[in-house]
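This briefing is meant to be read beside the sequence and the coordinates. It opens with charged side chains and then turns to the sheet and the aromatic rings.

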Amino acid sequence: ARIVFKSRKNLHAALGNGVIRRKLIRFLRDQFRWGNSEEIEIYDDFVPYSFFFREIKDRKAGISGGLILHGQEDMKKAYYSMHT
């Protein structure tokens, strides 16, 4: 599936931090291997460095949820998880 960022504030913040950038890129690479999806739309979430996502499948909305960065009090140990 093609990943499309529809909002960019949190994306710019995540990419500006080398530790978070690596975590986000690895998470997106590993978690969004959805062969039947056309597109994954990603929007800013209210949690810093976190996102809301929506799958587009057969030109309709599919699964949606959050990509949340947990443990931000220690960014080296922080991790992304998906919530649907």
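Lys 6 has a relative accessibility of 44% and therefore counts as partly exposed, since the buried class ends under 20% and the exposed class begins over 50%. In this predicted model, Lys 6 belongs to a network of salt bridges that also links Glu 41 and Arg 54. The points below take up that network, then the strands that carry part of it, and finally the aromatic pairs.

**Salt bridges**

- The count of salt bridges comes to four, and the pairs described here are among them.
- Glu 41 and Lys 6 form one of these salt bridges, with their closest N and O atoms 3.9 Å apart; because Glu 41 lies in strand β2 and Lys 6 in the loop between β1 and α1 (9–15), the pair ties together parts that are 35 residues apart in sequence.
- Glu 41 also meets Arg 54 through their side chains, in a salt bridge with an N to O distance of 2.6 Å, and this pair links distant parts of the chain, with Glu 41 in strand β2 and Arg 54 in strand β3, 13 residues apart.
- Is Glu 41 buried or exposed? Glu 41 is buried, because its relative accessible area of 9% falls under the 20% limit, whereas Arg 54, at 29% relative accessibility, counts as partly exposed.
- Arg 29 and Asp 30 form a further salt bridge, in which the closest N and O atoms are 2.8 Å apart; Asp 30 counts as partly exposed at 34% relative accessibility.

**Sheet and helix packing**

- Five strands make up an open sheet of mixed pairing, and their order across the sheet is β1-β2-β3-β4-β5.
- The edges of the sheet are held by β1 (2–5) and β5 (79–83), and each has a single partner strand, so one side of each is left without a neighbour in the sheet.
- From one strand to the next, the twist averages 25°.
- Strands β2 (residues 39–44) and β3 (residues 51–57) pair in the antiparallel sense over six bridges, and Ile 40 has Glu 55 of β3 as its bridge partner.
- Helix α2 (residues 18–31) packs on the sheet, where it touches β1, β2, β3, β4 (60–70) and β5, and the direction of helix α2 makes about 40° with that of β5.

**Aromatic pairs**

- The count of aromatic pairs comes to six, including the two set out below.
- Phe 32 and Trp 34 form an edge-to-face pair, with a centre to centre distance of 5.0 Å and 65° between the planes; the edge-to-face label applies because that angle is over 60 degrees.
- Phe 32 counts as buried at 5% relative accessibility, and together with Trp 34 and Phe 53 it forms one aromatic cluster.
- How is the pair of Tyr 43 and Phe 52 arranged? Tyr 43 and Phe 52 form a tilted pair, with 6.2 Å centre to centre and 45° between the planes, an angle that is neither under 30 nor over 60 degrees.
- Both partners of this tilted pair count as partly exposed, Tyr 43 at 22% relative accessibility and Phe 52 at 33%.

Key. Residues numbered from 1 in each chain as written. Predicted model: local features only at pLDDT ≥ 70, side-chain atom pairs only at ≥ 80, totals over all residues. Heavy atoms only, no water. Pairing = 2+ DSSP bridges. Helix = DSSP H or I, 4+ residues; strand = E, 2+ residues; numbered from the N terminus. Axes fitted to C-alpha atoms, helices over the stretch in contact; angles between N-to-C directions. Contact = heavy atoms within 4.5 Å. Phe/Tyr/Trp six-rings, centres within 6.5 Å; stacked < 30°, edge-to-face > 60°. Buried < 20%, exposed > 50% of the residue type's maximum accessible area, 1.4 Å probe, protein only.
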